[in-house]
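I opened this one today to see how its sheet is put together and what ties the chain to itself. Here are my notes, in the order I looked things up.

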Amino acid sequence: MELKTDYLVVVDLEASCWLGHPPPGEQNEIIEVGVCLLSLDTGAVSHKHSLLVKPTRSKISEFCTELTTLTQEQVDAGMPFSQACDILRTEYDTPNRLWASWGNYDKNMFISQCASFGVPYPFGPKHFNLKKIYAKVYNSRPPGMTGALEQLNIPLTGTHHRGGDDAYNIALITAAMLNARGSSIFGVKPA
């Protein structure tokens, strides 16, 4: 099956976290999925969305709230993880599109959580580690997302460590890389 090359689906997730190890009986799990589309033809960013996911194997720590601004009450009102995956498949056509994140953490968390929860993996086979691509395009050590924004003189939009805002900012960084090098950085031609 050939994947669509019209858009790159940019994903950033937030997960439950603690300062140190999780409390007994708790584990990291996805609590927010940020997603947006980046046109591989024009570099336009669209369809920004934040999907709050109700955790079932953890509670939101004070540290997690300080980092992400997400509270237990907010995520308790979120959707099941399986529903978030369904939205990715239906609204973003993720099984048939290229997708990317800043590093491999997001990909690995999805693989792990899908296996653990018995939820079908919502993405196609082609994932791009944008942090690694950034290092190659700009011949530099791979910075964090905020470091890349600073290097490119792109102001941070929204709140850092919120999935929707981070996905949008990562898409802006990727648009700058497309402008500098074209879609060849992904080895594809736009549709």
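I started in the sheet, with V10, and found that its bridge partner in β4 is A100. A reminder to myself: this is a predicted model.

Next I looked at what lies against the strands. I found α3 packed on the sheet, where α3 touches β1, β2, β3 and β4. The direction of α3 makes about 165° with that of β3.

Then I went back to β1 and β4 as a pair. They run in the parallel sense and share 4 bridges.

What is the strand order of the open sheet? I read it as β3-β2-β1-β4-β5, 5 strands with mixed pairing. The edges belong to β3 and β5 (127-129), each with a single partner strand, so one side of each has no neighbour in the sheet. I also noted the twist: neighbouring strands are turned by 25° against each other on average, direction ignored.

One more helix caught my eye here. Helix α5 (residues 130-137) lies across β4 and β5 and runs at about 55° to β5.

On to the charged pairs. How many salt bridges does the structure hold? I get 5, and I followed three of them up.

K4 pairs with D93, with the closest N and O atoms 2.6 Å apart. K4 sits in strand β1 (residues 4-15) and D93 in the loop between α3 (81-92) and β4 (97-101), so this bridge ties together parts that are 89 residues apart in sequence. I checked exposure too: K4 is partly exposed at 38% relative accessibility, whereas D93 is buried at 17%.

E32 meets R162, the closest N and O atoms being 3.1 Å apart. Because E32 is in strand β2 (residues 30-39) and R162 in the loop between α6 (145-151) and α7 (163-181), the pair joins parts 130 residues apart in sequence. Buried or exposed, I wondered, is E32? E32 is buried, at 1% relative accessibility, and R162 is buried as well, at 17%.

The third pair is K48 with D165, at 2.7 Å from N to O. This one links distant parts of the chain, strand β3 (residues 45-52) and helix α7, 117 residues apart. K48 comes out partly exposed at 41%, while D165 is buried at 15%.

I finished with α7. This helix has 19 residues and reaches 26 Å from its first C-alpha to its last, close to the 27 Å expected. After α7 comes G182, with a positive phi near 80°.

Notes: Residues numbered from 1 in each chain as written. Predicted model: local features only at pLDDT ≥ 70, side-chain atom pairs only at ≥ 80, totals over all residues. Heavy atoms only, no water. Salt bridge = Lys/Arg side-chain N within 4 Å of Asp/Glu carboxyl O. Helix = DSSP H or I, 4+ residues; strand = E, 2+ residues; numbered from the N terminus. Buried < 20%, exposed > 50% of the residue type's maximum accessible area, 1.4 Å probe, protein only. Expected span 1.5 Å × (residues − 1). Pairing = 2+ DSSP bridges. Axes fitted to C-alpha atoms, helices over the stretch in contact; angles between N-to-C directions. Contact = heavy atoms within 4.5 Å.
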